[in-house]
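Student: Could you take me on a close look at one aromatic residue and the contacts around it? I'd love a connected account rather than a list.

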Amino acid sequence: MSRDLVDLSPGQLYKLADLIHRQEVEKLKELNFQSFVEQQKYLNDAKDARDKVYRILESTKNMMAQTKDEKDTTKQDIAKDVYEYCTKGIGLSLQLFRSYNTRLTYLDKLKSHSDDLIKQLKWLNPATQQKEAQRLALEAGMYKKATLEYAKKFQHFFPNQFSKWLKENKVKFEDLVQRNVAKLGFKGPFRNLNDVQKLQVYENIIAEAGLGNSVVTYSFEALGKIGVAFLVFTAAAMVWNIYTAEDKLQAAVRDSVNVLTAVVSLEVGTVVSAAVEAGFVALDIEIASAAVTVIGAVAGFGVGVLIGVAAGALLDLIFSSGTSKVNITDGLTICRVAPMPDGLELARLIKQNYPNL
């Protein structure tokens, strides 16, 4: 079956977000939580991930209506690119990110940027701000192009010789990142680079893995100050998929969870032991005594698992610092594992059964 993303209308994206959320709630209710408060934390995050989709779609809908009323072709063209950037980004997150807490982090960044673009567009007067109109058009167009390109790379990635080489040579994530910092001639540790430089580093790794060169123009003028953080997270997620593709931990989790029905609650000690046995130490993630969050591939088409409530926050920390050697200190005492809905398969069903949404 094709792995290509399904192109959905806004109405179909609403439907997909709702259907995914309903299935997530069913799985979360199967888990044996220690308290109602703990269960609500998981349920609230799942709801937030769904509602974030709703809010982005609503704001872009209002933007399109406003620019239509203003009858300014320059603003209408920019609005169309912002709209396509946001809807394609939402489609990518729903169909590829099986963990809702990782999806929520991604959507948070997308919403921050879309809100900024819409605000700029609202107060733009192309007649008197020609240079600003050109800059905003460049930014909106670049993000639309970049999002489409990342979607292709995510959906067509298979573990390859580069991933195998990383695993066989025990290359740590931070070593991979820092090596590419040096290749690009940047100075100092990755965490001290600006976001455009961090994006260049991750894009260089993606190219090194044989997935093609970047389509992005690396300048703050083209990328803006807010949206570049979104691209860093997206590119880093692709790198993380490449890096973890041959990881034994992911296979261990996959083998321990029935893809259709099983859910598992693991005490911290059990997870730590299992992680060590599965080769988790090779990822060089320090597991704090207070909590553990195990992260597999960000996007994939095998078993989609929810592992730990802070998965997205942990990944964001790893991606921004360029090292997986981070402490997990979110206070959790249980690691939750459950198969998450397959957004790609659900998207196909929605496209077929609700063609007119």
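Tutor: Tyr 243 is buried in this predicted model, because its relative accessible area of 3% falls under the 20% cut-off. Its ring pairs with that of Phe 173 in an edge-to-face arrangement, with 5.4 Å from centre to centre and 65° between the planes. This is one of 13 aromatic pairs in the structure. The contact links distant parts of the chain: Phe 173 belongs to helix 7 (residues 173–183) and Tyr 243 to helix 10 (residues 227–244), 70 residues apart. Phe 173 is buried too, at a relative accessible area of 0%. Tyr 243 also has a charged partner, since the charged end of Lys 167 sits over its ring, 6.0 Å from the centre.

Now follow helix 10 to Phe 233, which lies in that helix and pairs with Phe 319 of helix 13 (residues 311–321), so parts 86 residues apart in sequence are tied together. The ring centres are 5.2 Å apart and the planes meet at 65°, so this pair is edge-to-face. Both partners are buried: Phe 233 has 2% relative accessibility, and Phe 319 has a relative accessible area of 1%.

Another ring to look for is Phe 230, which ring pairs link into a cluster with Tyr 85, Phe 97, Tyr 106, Tyr 143 and Phe 154.

For context, an unreviewed UniProt entry lists residues 226–245 as a transmembrane region, along with 257–281 and 287–315. In the model, the span 226–245 is 90% helix and 0% strand, and its end C-alpha atoms lie 30 Å apart.

Technical notes
Residues numbered from 1 in each chain as written. Predicted model: local features only at pLDDT ≥ 70, side-chain atom pairs only at ≥ 80, totals over all residues. Heavy atoms only, no water. UniProt positions renumbered as here; feature names shortened; annotations may be inferred. Helix = DSSP H or I, 4+ residues; strand = E, 2+ residues; numbered from the N terminus. Phe/Tyr/Trp six-rings, centres within 6.5 Å; stacked < 30°, edge-to-face > 60°. Buried < 20%, exposed > 50% of the residue type's maximum accessible area, 1.4 Å probe, protein only. Lys NZ or Arg CZ within 6 Å of the ring centre and 35° of its normal.
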